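New to this one? Take a look at the model below, and then we'll walk through it piece by piece.

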Amino acid sequence: MGATLPALDRLLAQRQGGASALAGLYASNTFCAVLGVLATAFWLVPGLGLLRTVAVCVAVNLACAAGALLLARGAGALQPSPPVPEAPAVHSTGLLWRLAATGLLGIGHEVLVVRALSQVAENTVYTYAILLAVYLVGSALP
């Protein structure tokens, strides 16, 4: 799952003459993930049940795979990407500590939000779905 975004960026960059579309792809991927989480928790599972919801999700994933294959065939064989010059290595321990602190604060914030939402949404699957949607939106915002 983690390789689909870079693979799609590479495919689109080849079609657009080398211009990366990663920001737009990431935003649309995150937006669709939010819609998927909310639709699954609040609409599909209550309406179809868990087993049928899993079957719908499998069918959607297979349709996405078929669409990706059609895109790849339409683009022809993928050409190797031109070599990218290496960025200079950053050897700043201060930067690493700031990144670690940011990650720790993000996890702490997520835990606090889960605790707060559990009081409102009664600690159900809906709590998790709302939290995940908010976290995805927050991670996609600049």
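First, a bit of vocabulary: a residue is called buried when its relative accessible area is under 20%, exposed when that area is over 50%, and partly exposed in between. With that in hand, T30 is easy to place: its relative accessibility is 7%, so T30 counts as buried. Keep in mind as you read on that this is a predicted model.

**The overall layout**

The protein chain has five helices and zero strands. Starting at the N terminus, the elements go α-α-α-α-α. How much of the chain is buried? Of its 142 residues, 13% count as buried.

**Helix 2 and its buried residues**

Back to T30, which sits in helix 2, residues 22-48. Its side chain reaches the backbone oxygen of Y26 at 2.8 Å. Helix 2 also holds A41. With 11% relative accessibility, A41 falls under the 20% limit and so counts as buried. What about its surroundings in space? A41 and Y126 are 85 residues apart along the chain, yet their C-alpha atoms are separated by 6.5 Å.

**A nonpolar patch on the surface**

Now for the outside. V45, L50, V54, V58 and L62 form a nonpolar patch on the surface, and together they have about 440 Å² of accessible area. Which helix gives the most to this patch? That's helix 3 (residues 50-75), with four residues. Here's a handy bit of background: an α-helix has 3.6 residues a turn, so residues three or four places apart point the same way.

One of the patch members, L50, is found in helix 3. L50 has a relative accessible area of 60%, so it is exposed. Ten residues away along the chain is T40, and the C-alpha atoms of L50 and T40 are separated by 9.5 Å.

**Cysteines without a bond**

How many disulfides are there? The count comes to zero. For background, a disulfide is a covalent bond between the sulfur atoms of two cysteines. To count here, the two sulfur atoms must be within 2.5 Å. Take C64: the closest cysteine sulfur to its own is in C32, at 8.7 Å, and that is too far for a bond. C64 is also exposed, because its relative accessible area is 51%. Another cysteine, C57, is partly exposed, with a relative accessible area of 30%.

**Helices 4 and 5**

Helix 4 covers residues 93-121, which makes 29 residues. Does its length fit or clash with what you'd expect at 1.5 Å a residue? It agrees: the helix should span 42 Å, and its end C-alpha atoms are 41 Å apart. Just after helix 4, E122 takes a positive phi of about 60°.

Next comes Y135, whose place is in helix 5, residues 125-140. Is Y135 buried or exposed? Neither quite fits, because its relative accessible area of 44% makes it partly exposed. Y135 and V113 are 22 residues apart in sequence, and in space they are 9.6 Å apart, C-alpha to C-alpha.

**Three pairs side by side**

To recap, here are the C-alpha pairs from above.

| Pair | Apart along the chain | C-alpha to C-alpha |
|---|---|---|
| A41 and Y126 | 85 residues | 6.5 Å |
| Y135 and V113 | 22 residues | 9.6 Å |
| L50 and T40 | ten residues | 9.5 Å |

Conventions: Residues numbered from 1 in each chain as written. Predicted model: local features only at pLDDT ≥ 70, side-chain atom pairs only at ≥ 80, totals over all residues. Heavy atoms only, no water. Buried < 20%, exposed > 50% of the residue type's maximum accessible area, 1.4 Å probe, protein only. Helix = DSSP H or I, 4+ residues; strand = E, 2+ residues; numbered from the N terminus. Expected span 1.5 Å × (residues − 1). Patch = residues over 30% accessible without salt bridge, like charges linked within 9 Å, V, L, I, M, F, W, Y side chains within 5 Å. Areas by Shrake-Rupley, 256 points an atom, 1.4 Å probe, with all protein chains shown as cover. Salt bridge = Lys/Arg side-chain N within 4 Å of Asp/Glu carboxyl O. Polar contact = N/O pair within 3.5 Å; in protein donor to acceptor, adjacent residues only side chain to side chain.
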